[in-house]
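Reader: I'm new to this structure. Could you choose one part and take me through it closely, with the cut-offs behind your terms?

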Number of protein chains: 2
Amino acid sequence: MGKYPRSPLAPETFPSLPVIDGLRLATVEAGVRYPGRRDVMLAHLAPGSTMAGVFTRSATRSANVLDCQAKIGLDSDAGAAIIVNSGNSNAFTGKAGEESVAAICAAVAERTGLPASRVFTSSTGVIGERLPYDRITAKVDALAEALDAARLEEAAQAIMTTDTFPKGATVTVEIGGKPVKIVGIAKGSGMIAPDMATMLVYIFTDAKIARADLQPMLTRLTDKTFNCITVDSDTSTSDTLLLGATGTSGVNVTGHAAFEDALHSVMLDLAHQVVKDGEGASKFVTVRVTGAASDADARTHALSIANSPLIKTAIAGEDPNWGRVVMAIGKSGAAADRDRLTIRFGDILVAENGWVSPGYREDQGASYMKNQSLTIHADIGLGQGQATIWTCDLTHGYISINADYRS
Amino acid sequence: MGKYPRSPLAPETFPSLPVIDGLRLATVEAGVRYPGRRDVMLAHLAPGSTMAGVFTRSATRSANVLDCQAKIGLDSDAGAAIIVNSGNSNAFTGKAGEESVAAICAAVAERTGLPASRVFTSSTGVIGERLPYDRITAKVDALAEALDAARLEEAAQAIMTTDTFPKGATVTVEIGGKPVKIVGIAKGSGMIAPDMATMLVYIFTDAKIARADLQPMLTRLTDKTFNCITVDSDTSTSDTLLLGATGTSGVNVTGHAAFEDALHSVMLDLAHQVVKDGEGASKFVTVRVTGAASDADARTHALSIANSPLIKTAIAGEDPNWGRVVMAIGKSGAAADRDRLTIRFGDILVAENGWVSPGYREDQGASYMKNQSLTIHADIGLGQGQATIWTCDLTHGYISINADYRS
């Protein structure tokens, strides 16, 4: 934290997040890896809270993820806790990884009076090094004592690794004349790709909703948000999204589309912030594909464009190199016909009918590429399939950050 | 050419390539795009030569590739010509692309007396700009007059784009007591990925062999060589491999494994040279996967490792970051079990049983990573599947080259 300059795409300030009744947080300096900063956060949810979650599908996922997955489907009225450390991912640490998770869960359970099955953990940072979990368990008392409703920004900071800014988002929606609040924090910067967008995300709401309704909603919205972003096509072993609904608003949101819309908006905001903090990112890029033979084909084309190193470097160089977009569509494996493609940069028609558009001038494209936020739109001309993927450019900053991440 | 420093992985010199009877070459300065250098080559093969070829499967492949594909399966005793320009790929240029190919083929056919169906063309360079083919047709006379047996190195230079060194390879094999010669040249540097390894390759031999035997051999060997290299996971719209066998040795090589071995060796040498000239490359990396559930799974894992930007940047930084290898195996989608993986850097056992190996010391790994040529070996521990992929690291050089390729 602080090692790399704040992303030029960062929002000016951290948003002002409202208090969620039934939610308290705390952070602490545990010295897991980073000296002189808060690196562990604890969130406590009141009895009666509903939990839902989405996790990475990596075959080498961490002990924390496996433990969360085993617990997330259980019903309980006991409340819940989430404890997260940065600096060490506890991934690929064999049996020691499971021991670390068990020890942390036991310490939190003992101090909070929760069953261990209601304690969720995440770890983020370097892979393959033993997590010094005793440094975390030694701080559980201090964390429990510090629990307070107004610590979301502090929590967002504590979970950062190579992130250059803390990420938060909020929406309040009125349902039946009463406000329902949603707040979320996220970390994620490199190793970002579906599925699911490589990161940690914690969302809290005072909505009242059963797990059986909340879980499918969360999965559905993840497919439209965090599973539609990519920084570098690499997927982490720790991806975790946890959502806790305290029910303290007293408003049952089941079946209210306005709630799902609001949650969607918080998740999309956080997903975009992760891309905007993509390692070395200098441009935010929306890749829109329409007219594909199917939605799945559209997604394949869009990811091929969004993950292409040649396109990402061209964007970094502000080069309107639409030929590389043609290349990425051609290589994707999904159906395409050279002569039916249409490519637009923003509103500028660049290519059509298998060639550059007669009205297109290179200086238009070059001028457009100077924007900080760009849209590449490819219409495949074959059907109705569509998809949108958000990504960033590939710059010298990415190389610098990742060639010496551990040193 | 000359814009970027010669790759540190380049061979010291261009190999001495023997003359192939029945093959003559010429190059010329046509000014297609690059000023002050030879940018067109012509190869002429004597009557009776056999032609075979392998081409990109991109859905947006160039007019040249489509034309070559239409011609390559035809039998003819008339001989053949190959004409190649650098600087402009003639890809995604609509009807104008087809006109360019037709005009160049017609000019070469007229001057050499060959049917146009025996003239093969390739174009390499920027995508989407009209090929000024008149500059090429204007030089066909000069090319035809300059045809000479000993111009292979000149030809290898004429087809370069961002390449930093010309690529050539040769093997002579004795069959039935008589020598059979094979020579090859290649270009390729960025936009390199299966299938098939993004490049232009021309191989010539004085072997006698029927098309029906030569074509399947070439396809088979491509899968073990050019389809096993990746620089940046991007696939070009122009990939072309053409093989011409003049038969002038008088040795029928059909059914002789020694010939296939020799051809394999020439193709592997050229494929490795392309990786060694990968844009910005400072390390040559062999990714070996064994113990996968199938060969296809092994290839999926190996490509996931070889294409991972996080692994490629770690290699650039000489960081023995084996955790990222675990990540890449986890995300690949092919079968894996965290606790059965074994990872080696060269001969050093790094990780096993789901964690770092007890005997591994970080300084061993760090010291190994300083080598210019590295092997990453992952054993998945599930079956007998295996694959080898060759790649390079991802450095600031790649960003510099590709952020301003057109400027």
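Author: Let's look at helix α12 of chain B and the contact between the two chains around it.

A quick word first: this is a predicted model, in which local features need pLDDT of at least 70 and side-chain atom pairs count only at pLDDT 80 or more, while totals for chains, interfaces and linings use all residues. Residues are numbered from 1 along each chain as its sequence is written, chains are lettered from A and ligands numbered from 1 in the order they are written, and side-chain values use heavy atoms, with hydrogens and water left out.

Start with α12(B), which covers residues 396-403 (helices are DSSP runs of H or I, at least four residues, and strands are runs of E, at least two, numbered from the N terminus). Y398(B), I399(B), I401(B), N402(B) and A403(B) are buried in this helix, meaning under 20% relative accessible area with a 1.4 Å probe, protein chains only. What do they pack against? Their partners belong to chain A: α9 (309-316), α10 (322-331) and α12 (396-403), with contact meaning heavy atoms within 4.5 Å. At the N-terminal end of α12(B), T395(B) acts as the cap, with a side-chain oxygen 3.0 Å from the backbone nitrogen of G397(B).

Now widen the view to the whole contact. Chain A brings 58 residues to it and chain B brings 58 as well. About 5000 Å² is buried between them, and carbon and sulfur atoms give 59% of that; this is the accessible area (1.4 Å probe) that the two parts lose on being put together, summed over both.

As for charges, two salt bridges are counted between chain A and chain B (a side-chain nitrogen of Lys or Arg within 4 Å of a carboxyl oxygen of Asp or Glu). R338(B) and E98(A) meet in a salt bridge, at 3.1 Å from N to O. Twelve residue pairs, both at pLDDT 80 or more, are in polar contact across the interface, meaning N or O atoms within 3.5 Å, one able to donate a hydrogen and the other to accept it, with sequence neighbours counted only if both atoms are side-chain atoms. On the side of chain A that touches chain B, the elements giving two or more residues are α1 (63-72), α2 (94-112), α9, α10, β14 (355-356) and α12 of chain A. Of these, α10(A) gives the most, with seven residues, and α10 of chain A is also one of the helices that the buried residues of α12(B) pack against.

Key: Buried < 20%, exposed > 50% of the residue type's maximum accessible area, 1.4 Å probe, protein only.
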